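Work through the exercises below with the model open. Each task is followed by a solution in steps.

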Amino acid sequence: MILSIYMFIIRLIVVLIFWGNIFSLSEVLSQKTFVNYPSSDSTISSENNIKSKDSILILDYINIITTDSSDIKSTTRNQKYLNRARDLAIKTGMLDYLAEIVDSLGVVKRNNSEYSTAIMLHQFALEISEQTGNKEQGAIFNNNLGVVYRRINAYSKAIDHHQKALTLAELTKNKKSQSVAINSLGNIQLILGNTDEALKYFKQSYSIEEERGDNLGKAINLNNLGHIYFQKKDFKKAKEYYNLSLDLNKEINSLRGQGICYSDLGAVYEAEGKYKQALKYYQLALSLNLSHGDKIFQAQDYLHLGLINYKLENHDLANNFIQKSLVIARRIGAKETIKDAHKALQKLYYEDKNYKMALMHSDTFEMYRDSIMNSSLQKEIASLKISFESERQENLISLLEQQSKIDQLELKRQRIYSWLIFAAFIMAMGGISFLALYLSSKNKTNRILKKKNEEIERARYNLKKLADDLYLAKKEAEKSNNIKSEFLANMSHEIRTPLNGVIGYTELLEKTLDSEIQKNYLNNIKVSSKVLLVLISDVLDLSKIEAGKVLVKYKPLDIKNLFSELNLIFENRAKEKNNQLKLNINDRVPNTINFNDLRLRQIMLNLMSNAIKFTTNGLIEVTVDVKNKKNESADLIIKVKDNGMGIPKNEYENIFRPFYQIESANNIEGTGLGLAIVKKLIDVLNGNISFESKEGKGSIFTLEFEDIEILKSDKIEPNSHKTIINDTLSNYNNSKSEFQIKLDFRAFDKDLVNKLFELQKNEFRVAKETNMFDHFKSFNQKLVKLAVEFNNDQLNNFSKELSYLIKHFDIEGIENYIKSFDNEINKTLNN
């Protein structure tokens with residue numbers, strides 16, 4: 001009886017261990033691995049449920065392999081189980097399922113630094129995808145295999161597999177796999193120091209992600225472009241691309257991506273020797289990384305803050321930050337960060353003449369450095385093993401090919417002997433008739449061979465021609481990408497430079513309002529400045545238009561006033577080129593319609609600006625009319641006509657493409673974006689645009705908006721078009737221009753002032769010294785409590801606006817408010 005119970009317990013334990021392994025493996029295989037920021041590693045995840053005994057048995061075979069930590073390729077036992085899993089998958093039609101499982105397990109092994117095992121698993125999955133002809137899986141598996149080779153510094157093999165992945169992705173039209181492969185090739189070139197090649201790859205990957213509308217992919221590539229220029233020590237361009245990536249990460253609300261960009265910007269300012277600015281960005285990065293809980297980046301940010309404070313000679317703060325970095329890094333096992341932290345502490349204690357602690361940290365630094373060197377050595381060993389195995393396989397293939405050639409020669413020789421015997425027999429039996437038949441057959445064979453050779457030559461010529469055409473197409477595509485990149489790089493500077501000039505002249509003229517002429521000049525300049533601000537909004541809204549995120553609000557619009565204002569804006573510009581600007585508004589056009597003033601203004605600014613730009617000594621005519629007019633609606637028709645240089649016929653299909661410029665107009669300034677914005681805005685407004693043009697004679701652009709609501713004139717608000725411009729201005733300006741609240745302690749209760757003094761000594765002092773957002777929040781919370789306790793509206797408004805600045809990470813705005821509070825404290829103390 002006791003023996004039976006004992007045996008039952010043993011069997012139960014075995015069953016539990018078996019199912020535990022199965023569920024453990026299933027949990028690992030169900031984990032999804034996406035493109036990590038800023039890495040481009042990718043894989044697929046297995047989402048298959050275990051529904052049959054066959055799938056359970058396949059998982060069991062794979063589970064047996066994963067429990068063996070030895071080199072799988074050199075272990076016959078483990079190879080046997082892999083083959084068993086494949087045989088079972090073939091019988092049950094589950095090869096794709098097996099390939100996904102093995103590839104996902106390879107990713108797990110790769111992340112655990114078991115590179116030899118990871119390579120074997122990815123290669124096994126790749127063999128299955130080739131067997132099944134699944135090209136989409138082949139692209140993914142090749143990319144994953146390339147990532148492993150890249151991590152062990154086998155860059156030649158990594159490039160080979162990413163190229164194969166790219167070819168398969170192009171065949172299956174899988175844009176995501178294409179982008180991952182191209183981005184990976186760029187990362188390899190960046191590691192090897194080939195920055196120019198890396199730049200091409202990242203731009204190509206960015207174009208694909210832009211076409212897919214994947215803002216995360218665009219942000220990754222923009223960040224990679226920043227790394228290139230940082231490596232080139234072109235810090236201006238590095239900051240530009242980091243900021244572009246930051247804007248996209250903000251748009252998709254990726255806190256992790258924002259944190260990385262802030263950290264990268266901090267590194268640029270640190271490299272420039274601007275330590276205080278670097279400190280602000282590292283603090284921003286830490287605040288974000290603390291909010292989403294990424295420990296590795298928290299450890300790095302604390303270390304950055306410690307090193308910056310060390311350079312600023314704030315040794316206590318530096319020690320505090322580095323110790324925090326060390327605690328987190330030890331918890332997650334980040335050896336590189338631990339090593340760098342001990343190195344920093346060794347320097348810090350040495351300068352503080354605490355030689356005992358300096359020696360301790362120096363020893364620990366050496367220990368971790370040796371450990372990391374051992375890890376690198378393991379990578380090199382894995383690389384050597386892989387190279388040896390690959391060379392052995394290549395030699396085996398070479399021997400098989402030689403044996404095959406020998407067999408073919410032997411077969412050929414046997415055939416020749418057979419033909420000789422047969423020929424002798426036929427000659428004995430047929431004589432001359434056989435000779436005649438032989439010659440006839442040989443001539444026929446020669447004719448066939450000749451014909452085949454001609455077909456081969458034709459095919460070779462066609463292939464060469466196709467290759468030349470593809471090369472030209474590639475060059476044209478690169479040219480377009482370069483134009484677009486140059487535009488994005490120069491956009492901000494080109495628009496804001498004239499805006500600064502306009503605003504400067506406005507400020508000068510405001511002081512000299514002595515005559516009507518001066519008032520007219522001032523009015524023109526004010527209108528032009530508003531137009532430029534609207535143009536900036538155009539550019540900033542372009543990405544939102546493309547993403548379909550533009551909200552259109554219809555309001556009463558005085559259309560005649562709008563076009564009169566446009567006529568006033570462009571009157572002087574037209575005269576500068578000796579052009580005549582003519583505005584025709586038909587009497588049928590109603591005074592007030594329900595429309596979007598801002599978007600119509602943007603459209604007309606671009607069209608009228610283009611007409612003047614491409615016309616000299618000519619006429620620009622703007623016509624506004626309606627058709628199908630009813631009591632409450634009509635179709636609005638707007639035409640912009642010029643007799644300028646016109647558009648060549650071969651450019652018709654390209655003029656609405658973003659970043660495209662007519663080749664014959666290269667000597668004329670512009671970005672090639674205007675008509676693209678016009679087309680997208682008209683689509684948003686449910687309108688239609690068409691054009692007629694003859695080269696050398698001019699162009700006519702026609703806009704048509706159907707069923708526009710007609711309103712009574714009393715519905716429109718006075719100066720509504722100005723209100724829209726002002727709204728645009730206020731939306732564009734940051735919070736610094738809106739917040740003007742200053743504290744005045746003279747009007748405060750004495751008890752409130754005393755509590756503010758206490759607050760200044762505690763929370764305010766900490767926030768001012770550390771510049772940490774958490775400390776700013778703590779200080780502001782105290783202000784809110786005091787405002788409520790003493791029912792003080794001035795203090796309440798001050799705290800609300802400071803809260804807004806903290807929420808939007810407005811560093812400069814926060815500094816202004818902190819300075820204002822500090823000045824009022826000092827003023828009160830002096831009095």
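**Exercise 1.** Place Arg369 and Glu366 in the secondary structure, then describe their contact.

*Solution.* Step one: both Arg369 and Glu366 belong to helix α17, residues 355–430. Helices here are DSSP runs of H or I with at least four residues, strands are runs of E with at least two, and both are numbered from the N terminus. Step two: three residues separate Arg369 and Glu366, about one turn of the helix. Step three: their side chains form a salt bridge at 2.4 Å, N to O. The term means a side-chain nitrogen of Lys or Arg within 4 Å of a carboxyl oxygen of Asp or Glu. Step four: Arg369 is partly exposed at 36% relative accessibility, and Glu366 is partly exposed at 29%. The classes are buried (under 20% relative accessible area), exposed (over 50%) and partly exposed (in between), with a 1.4 Å probe and protein chains only.

This is a predicted model: local features need pLDDT of at least 70, side-chain atom pairs count only at pLDDT 80 or more, and totals for chains, interfaces and linings use all residues. Residues are numbered from 1 along each chain as its sequence is written, and side-chain values use heavy atoms, with hydrogens and water left out.

**Exercise 2.** Describe the pairing of Lys200 with Glu197.

*Solution.* Start with the helix: Lys200 and Glu197 both sit in α9, residues 195–212, three residues apart. Their side chains meet in a salt bridge of 3.9 Å, N to O. Now check exposure. Lys200 is exposed at 54%, while Glu197 is partly exposed at 36%.

**Exercise 3.** Which parts of the chain does the pair Arg588 and Asp625 tie together?

*Solution.* First, the contact: the side chains of Arg588 and Asp625 form a salt bridge at 2.6 Å, N to O. Second, the places: Arg588 is in the loop between β2 (580–585) and β3 (592–595), and Asp625 is in strand β4 (residues 619–627), so the pair ties together parts 37 residues apart in sequence. Third, Arg588 is partly exposed, at 41% relative accessibility.

**Exercise 4.** How many salt bridges are there, and which residues does a network of them link?

*Solution.* The count is 23 salt bridges. A network of them links Lys176, Glu209, Arg212 and Asp214. As background, side chains of opposite charge can pair when their charged atoms come close.

**Exercise 5.** Examine phi at Lys233 and at Asn686.

*Solution.* Begin with the rule: most residues other than glycine have a negative phi. Lys233 is not a glycine, yet its phi is positive, about 65°. Lys233 lies in the loop between α10 (215–231) and α11 (235–251) and is exposed at 63%. Asn686 also has a positive phi, near 60°. Its loop runs between α22 (674–684) and β6 (688–694), and Asn686 is exposed at 65% relative accessibility.

**Exercise 6.** Which residues form a nonpolar patch with Leu420?

*Solution.* The partners are Ile416 and Tyr417; together the three have about 320 Å² of accessible area. Patch residues have over 30% relative accessible area and no salt bridge; nonpolar side chains (Val, Leu, Ile, Met, Phe, Trp, Tyr) are joined within 5 Å, like charges within 9 Å. Areas come from the Shrake-Rupley method with a 1.4 Å probe; for residues, only the protein chains shown count as cover. Leu420 is in helix α17 and is exposed at 53%.

**Exercise 7.** Summarise the chain: how many helices and strands does it have?

*Solution.* The protein chain has 27 helices and seven strands. Of its 831 residues, 42% are buried.
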